[in-house]
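This report is written for a reader who is meeting the structure for the first time. Please look over the sequence and the model before reading on.

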Amino acid sequence: MGCQELGIPAGVITGDNVRKLLKYASKQGFAIPAVNCTSSSTINAALEAARDIKAPLIIQFSQGGSAFYAGKGLSNEGQKASIIGAVAAAHHVRLVAKEYGIPVILHSDHCAKKLLPWFDGMLEADEEYFKKHNEPLFSSHMLDLSEEPKHENIATCKKYLERMSKINLLLEMEIGITGGEEDGVDNTGVDNASLYTQPEDIWDVHRELSQVSDMFTIAAAFGNVHGVYKPGNVKLTPHLLKNHQEHVKQKLQCDSDKPILFVFHGGSGSVKDEIKEAVSYGVIKMNVDTDTQWAYWDGIKNYHDSKKGYLQSQVGNPDGVDKPNKKYYDPRVFIREAEKSMIKRVKEACQDLGNVNRL
Ligand SMILES: [Zn+2]
């Protein structure tokens, strides 16, 4: 049984197909990597990797990544560049993903309270798209109000989910604080206790949001940290997720051992066994950013190291002083090396998560 038999089509999927794919992942015990992309090059690399190993994929854009997609030369006053960039990137994915023959969940990453104008702008684009195509532009969006008081976090998520459920969008929310730093939010000094979400928190979220729709996922903190830190500094406790599932199951008196769809943030640099364990407790999405950033750079670095003599001037290399170097410094050559390296890393992430041969 794979995506095709479940009737999940290739290309960007929304609504019921997203629900089907995530429940399929939960049931089969695998997770889909959500690869942070900042350009058409990184989007295409992620798609190529997933196609090669016959896997569904999540492509996501951060607020900063979206602004970068539109161009760093544009002003981002009022989140304008972030909105335009996210919409432009979404259209790029919509056009090309189908050709790669894999289902793709199109998602936007962390949106903290101060970035809500970005979120609102994307929702307007979704509503506009829905009018014409009967589905939203994106598949899902993430609201990260984990820094706000719990009641405010949940109430705001509920309010947004009401608006989103009208056009079949899925909401990812975060509760408990993920350490580290990402997109200008610095949680490196946060005390230890708040790095672990409590079972009651998960139940409170489930109780409130499920009154609106079942189209939501939860990023819970279990010691995760954004970015890569020295080994030993990250104390992951995936078994907390198991406790959460048991708590909710007991509250709901349901048959499922995994009533919650969990998202794993800050997975970069994690031990493979911890990833496996987290997936076994109902993680269906894991964010991948730092590791693929490194892979992309590493591709360029290795290329430069191996072709150094051909990359110092337009003309003149170890083969002769009048030999041209155009075929070495053409961006299609060195950017492709970055892509190849990133493709390898995305495949590795898929393998770690059990997301192989799932079509
Ligand atoms: Zn997070």
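The text below goes from the whole chain to the zinc site and then to single residues.

**The chain as a whole**

The model is predicted. Its protein chain contains 12 helices and 14 strands. Measured against a rule for globules, how does the radius of gyration turn out? A compact globule of 359 residues would have a radius of gyration near 21 Å, and the protein chain agrees with this because its own value is 21 Å. The C-alpha trace spans about 75 × 50 × 45 Å along its principal axes.

Of the 359 residues, 55% are buried. Among contacts with a separation of 6 or more, 70% join residues that are 24 or more positions apart. The accessible surface of the protein chain is about 16,000 Å², and carbon and sulfur atoms hold 51% of that surface. The chain carries 42 positive and 47 negative charges, and the mean positions of these two groups lie 5 Å apart.

**The zinc site**

Which residues of the protein give donors to the zinc ion? They are His110 through NE2, Glu174 through OE and His265 through ND1, at 2.0 to 2.2 Å from the ion. The spacing of these donor residues in sequence is H-x63-E-x90-H. His110 and His265 link distant parts of the chain, since 155 residues separate them. His110 sits in the loop between strand S4 (103-108) and helix H5 (116-133), while His265 sits in the loop between strand S11 (262-264) and helix H9 (272-280).

Are these two histidines buried or exposed? His110 has a relative accessible area of 9%, so it is buried, the limit being under 20%. His265 is also buried, because its relative accessibility is 1%.

**Accessibility of selected residues**

The table sets out the values for six residues.

| Residue | Relative accessible area | Class |
|---|---|---|
| His110 | 9% | buried |
| His265 | 1% | buried |
| Lys54 | 45% | partly exposed |
| Asn134 | 58% | exposed |
| Gly269 | 57% | exposed |
| His239 | 40% | partly exposed |

**Residues with a positive phi**

Most residues other than glycine have a negative phi. Lys54 has a positive phi, near 55 degrees. This lysine, Lys54, is in the loop between helix H2 (40-52) and strand S3 (57-61), and it is partly exposed because its relative accessible area of 45% falls between 20% and 50%.

Asn134 has a positive phi as well, near 60 degrees. Asn134 is placed in the loop between H5 and strand S5 (140-143). With 58% relative accessibility, Asn134 is over the 50% limit and therefore counts as exposed.

**Gly269 and His239**

Where is Gly269 found? Gly269 lies in the loop between S11 and H9, the loop that also holds His265. Gly269 is exposed, at 57% relative accessible area. From Gly269 to His304 there are 35 residues in sequence and 26 Å in space, taken C-alpha to C-alpha.

His239 belongs to helix H8 (residues 239-252) and is partly exposed, at 40%. Leaving aside residues up to four places away in sequence, His239 touches Glu277 and Tyr281. His239 and Thr42 are 197 residues apart in sequence, and their C-alpha atoms are 33 Å apart in space.

Notes:
Residues are numbered from 1 along each chain as its sequence is written. This is a predicted model: local features need pLDDT of at least 70, side-chain atom pairs count only at pLDDT 80 or more; totals for chains, interfaces and linings use all residues. Side-chain values use heavy atoms; hydrogens and water are left out. Donors are N, O and S atoms within 2.8 Å of the metal (3.2 Å for Na, K and Ca); water is not among the atoms, so sites may look incomplete. Helices (H or I, at least four residues) and strands (E, at least two) are DSSP runs, numbered from the N terminus. Buried means under 20% relative accessible area, exposed over 50%, partly exposed in between (1.4 Å probe, protein chains only). The radius of gyration is taken over C-alpha atoms; the globule rule is 2.2 Å times the number of residues to the power 0.38. Contact means heavy atoms within 4.5 Å. Accessible areas come from the Shrake-Rupley method with a 1.4 Å probe; for residues, only the protein chains shown count as cover. Lys and Arg count as positive and Asp and Glu as negative; His and the chain ends are not counted. The place of a charge is taken as NZ of Lys, CZ of Arg, CG of Asp or CD of Glu.
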